[in-house]
Amino acid sequence: MKYVTLPGGEQVPALGMGTWNIGDRAGTRAEEVATLQLGLEMGLRLIDTAEMYGEGLSESLIGEAIAGRRDDAFLVSKVYPHNASRKGAVAACERSLRRIGTDHLDMYLLHWRGDVPFEETIEAFLALQQAGKIRHFGVSNLDLADMEEFWDVPGGDGVAVNQLLYNLGRRGIEFDLLPWLRERNVPIMAYSPIEQARLLRNDSLQRFAAAHDMTAAQAALAWLLSFDDVIAIPKTSQRERLRENFDALTIELTPEQMGELDKIFPPPRHAQPLAML
C-alpha cells in the first residue's frame, strides 16, 4: 500500500473506497458489503461516504461492513451544506455516527459550499474534534477563492484535505488550486477517478493501456497514484473490479508514459471553473 501524509503527520492509504450510490438497492447489498470487507482485508482502509449518499443508506451499509472491525477502517463522511451550521453540523455528525454504529469519524468534510458562513462550520468541526467525535476535518468541492476564505477563518488552517473531482479528464485544478494546496501541504482526495467509468470508453486511453499491459482503469488510477499528495477513492460494488483497482498499486508509470498521458489529456493552460459531479 502507498500512503499519503496528512498535514498533522498521520499517514492514510493513497487508494481507498468510495461509496456513492452504494447501499441504495437491497438486491446488491450482499455483494456491496462483501466488496467493502474484501477491501479492508486488502488494505484499502479508507472508506469515503456522506450523509447525502442514499440519505444515509451508504453510511448504514458501511456500518454493516465494518461491524466488529471498526479499527481496521479510516472513515470519512461529509455534511450537507445546509446542515453545516454550528449546531446543525454537530447534530448531522451524530446522526452519521449512529447510522455507521461508531463513536467517531476519522475525517469529516463540508460537502460543498452553501449559505452557512465558514465560521460556523469551523466552530462545529472544532467542537466535534474536542468532543472526540471526529479526528480530522476538511472540505470538498471548494475552489481557490473558497479555500482562501476558509483558510483565513480562525481554525480554518486546520483543514486536512480537499476532496475534489480530479482525474485524467478533469485536470483544471492543476492551474491554480492544486499549487495553492501543495504550498500548504493539504492533500487532494480525488473522487470519480475514472469519471464514473466514462474514461474507460476513451479510445486513446484504451490504446495506451493495452500497449502497456494494464487496463484503462488501472492506467487512470496509476496516474493519480503517481502523485505523493493524492488519495484516490474509486467506487465499486463488485469484488472483481475491486481487485482490478487494487492492482493499480503495482504500476509505476515511467516519465515517458506520463508524457504520453499528458498528450492524450493535456494539463490546463488557464484558470477554469471548478468541476463537480
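## Report on the parallel sheet, an aromatic cluster and two pockets

In this predicted model, strand β6 (residues 105-110) and strand β7 pair in the parallel sense, with five bridges between them. Within this pairing, L109 has G138 in β7 as its bridge partner. The connection between the two strands passes through helix α4 (residues 118-130), and β6, α4 and β7 together make a right-handed β-α-β unit. Strand β7 itself spans residues 134-140 and is mostly covered, since six of its seven residues are buried.

**The sheet as a whole**

Strands β6 and β7 belong to an open sheet of eight strands, arranged in the order β3-β4-β5-β6-β7-β8-β9-β10, in which the pairing is parallel. The edges of this sheet are formed by β3 (17-18) and β10 (230-232), each of which pairs on one side only.

Beyond β7 the order continues with strand β8 (residues 162-165), which runs parallel to β7 and is joined to it by two bridges. The bridge partner of V139 in β8 is N162, and that of S140 is Q163. In a regular strand, side chains alternate between the two faces of the sheet. Strand β8 is covered on both faces: N162 and L164 lie on one side, Q163 and L165 on the other, and all four are buried.

Strand β8 is also joined to β9, again in parallel, by four bridges. Here L165 has Y191 in β9 as its bridge partner. A second helix enters the description at this point: β8, helix α6 (residues 177-183) and β9 make a right-handed β-α-β unit. Strand β9 (residues 188-191) then pairs with β10 in the parallel sense over three bridges, and M189 stands opposite I231 in β10.

**Aromatic contacts**

A pair of aromatic rings is described by the distance of the centres and the angle of the planes. The model contains eight aromatic pairs. One of them joins Y108 and F125, whose ring centres are 5.7 Å apart; the pair is edge-to-face because the planes stand at 65 degrees, above the cut-off of 60 degrees for that class. This pair links distant parts of the chain, with Y108 in strand β6 and F125 in helix α4, 17 residues apart. Y108 counts as buried because its relative accessible area is 0%, and F125 counts as buried because its relative accessible area is likewise 0%, the cut-off being under 20%. Together with F137, Y108 and F125 form one aromatic cluster.

**Pockets**

Rolling a probe the size of a water molecule over the atoms shows where empty space is left. The two pockets described here are set out below.

| Pocket | Volume | Lining residues | Nearest the centre |
|---|---|---|---|
| Largest | about 390 Å³ | 22 residues | Q196, A197, P234, K235 and T236 |
| Second largest | about 270 Å³ | 20 residues | G172, I173, Q272, P273 and L274 |

The lining of the largest pocket divides into nine nonpolar, nine polar and four charged residues. In the second largest pocket, the lining has 13 nonpolar, three polar and four charged residues.

Definitions and conventions
Residues are numbered from 1 along each chain as its sequence is written. This is a predicted model: local features need pLDDT of at least 70, side-chain atom pairs count only at pLDDT 80 or more; totals for chains, interfaces and linings use all residues. Side-chain values use heavy atoms; hydrogens and water are left out. Buried means under 20% relative accessible area, exposed over 50%, partly exposed in between (1.4 Å probe, protein chains only). Two strands pair if DSSP finds at least two bridges between them. A crossover is right-handed if, with the strands pointing away from the viewer, the path from the first strand over the helix to the second runs clockwise. On a 1 Å grid over the protein atoms alone, a cavity is a set of points where a 1.4 Å probe fits but cannot get out, and a pocket is an open set with protein on both sides within 12 Å along at least five of seven lines; lining residues have an atom within 4 Å of a point. Grid points are joined across faces, edges and corners, and a volume is the space filled by probe spheres set on the points. Ala, Val, Leu, Ile, Met, Phe, Trp, Tyr, Cys and Pro count as nonpolar, Asp, Glu, Lys and Arg as charged, and the others, Gly among them, as polar. Rings of Phe, Tyr and Trp (its six-membered ring) pair if their centres lie within 6.5 Å; planes under 30 degrees apart count as stacked, over 60 as edge-to-face and the rest as tilted.
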